[in-house]
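Work through the exercises below with the sequence and the coordinates at hand. Each task is followed by a solution in steps.

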Amino acid sequence: MNATLDCPVLGLETKFPSRLYILQHEPSGKYGCFCANEIHGLACFSDETSATDFADMIGLENMTNHHVSFDEAREVAKGRPLPVVSLMLLDDISSPEIHFVR
């Protein structure tokens with residue numbers, strides 16, 4: 001039986017902020033990422049405090065917050081190697097919002 005889903009692509013119903021915080025590990029140039037429900041994504045946050053808390057949680061020194069536009073964050077996510085396939089808003093880490101970039 002064929003059925004149409006109300007929202008066939010996760011994240012399309014969610015409005016991401018126009019400005020986001022992303023984390024970069026300066027020495028290596030790598031960005032903070034997260035995996036939820038077997039989906040890998042560039043971690044992003046709507047406020048600097050949440051980004052800093054995430055950096056503290058992963059325990060990697062020399063993480064820098066970057067305040068970027070949604071489009072800039074999306075381009076960074078697209079530039080990450082697989083398995084990263086999304087931009088992941090982690091303001092509520094137990095319920096991430098996912099925007100697929102590929």
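The exercises go from the whole chain to one helix, a ring cluster and single residues.

The model is predicted, so local features need pLDDT of at least 70 and side-chain atom pairs count only at pLDDT 80 or more, while totals for chains, interfaces and linings use all residues. Residues are numbered from 1 along each chain as its sequence is written, and side-chain values use heavy atoms, with hydrogens and water left out.

**Exercise 1. Describe the fold of the protein chain by its elements, burial and contacts.**

Step 1. Helices (H or I, at least four residues) and strands (E, at least two) are DSSP runs, numbered from the N terminus. The protein chain has two helices and seven strands.

Step 2. Along the sequence, the elements follow the pattern β-β-β-β-α-β-α-β-β.

Step 3. Buried means under 20% relative accessible area, exposed over 50%, and partly exposed in between (1.4 Å probe, protein chains only). Of the 102 residues in the protein chain, 38% are buried.

Step 4. A contact means heavy atoms within 4.5 Å. Among contacts in the protein chain with a separation of 6 or more, 67% come from residues 24 or more positions apart.

**Exercise 2. Determine how the buried and exposed residues of helix H1 are arranged, and examine both ends of the helix.**

Step 1. Helix H1 covers residues 48-58, and its residues Ser50, Ala51, Phe54 and Ala55 are buried.

Step 2. Viewed down the axis of H1, the buried residues fall within an arc of 140°, so they line one face of the helix. The arc is that of the directions from the helix axis to the C-beta atoms.

Step 3. Thr49 and Asp56 are exposed and sit on the face of H1 turned away from its buried side.

Step 4. The cover over the buried residues of H1 includes strands E1 (19-25), E3 (33-36), E4 (39-45) and E5 (63-69).

Step 5. At the start of H1, a side-chain oxygen of Asp47 comes to within 3.2 Å of the backbone nitrogen of Thr49. Just after H1, Gly59 has a positive phi of about 70°.

**Exercise 3. Find the aromatic pairs and characterise the one between Phe45 and Phe54.**

Step 1. Rings of Phe, Tyr and Trp (its six-membered ring) pair if their centres lie within 6.5 Å; planes under 30 degrees apart count as stacked, over 60 as edge-to-face and the rest as tilted. The structure holds three such pairs.

Step 2. For Phe45 and Phe54, the centres are 5.3 Å apart and the planes make an angle of 45°, a tilted pair.

Step 3. Phe45 has 2% relative accessibility and therefore counts as buried; Phe54, at 4%, also counts as buried.

Step 4. Ring pairs join Phe34, Phe45 and Phe54 into a cluster.

**Exercise 4. Classify the surroundings of Arg80, Ser69 and Cys35.**

Step 1. Arg80 is in the loop between helix H2 (70-79) and strand E6 (84-89). Leaving out residues up to four places away in sequence, Arg80 touches Tyr31 and Arg102.

Step 2. Arg80 is buried but has no salt bridge; the nearest side chain of opposite charge is Glu75, 10.0 Å away. A salt bridge is a side-chain nitrogen of Lys or Arg within 4 Å of a carboxyl oxygen of Asp or Glu. Lys and Arg count as positive and Asp and Glu as negative; His and the chain ends are not counted.

Step 3. Ser69 lies in strand E5 and is buried, with a relative accessible area of 19%.

Step 4. Cys35 is in strand E3 and is partly exposed, at 38% relative accessible area.

Terms used
A polar contact is a pair of N or O atoms within 3.5 Å; within protein, one must be able to donate a hydrogen and the other to accept it, and residues adjacent in sequence count only if both atoms are side-chain atoms.
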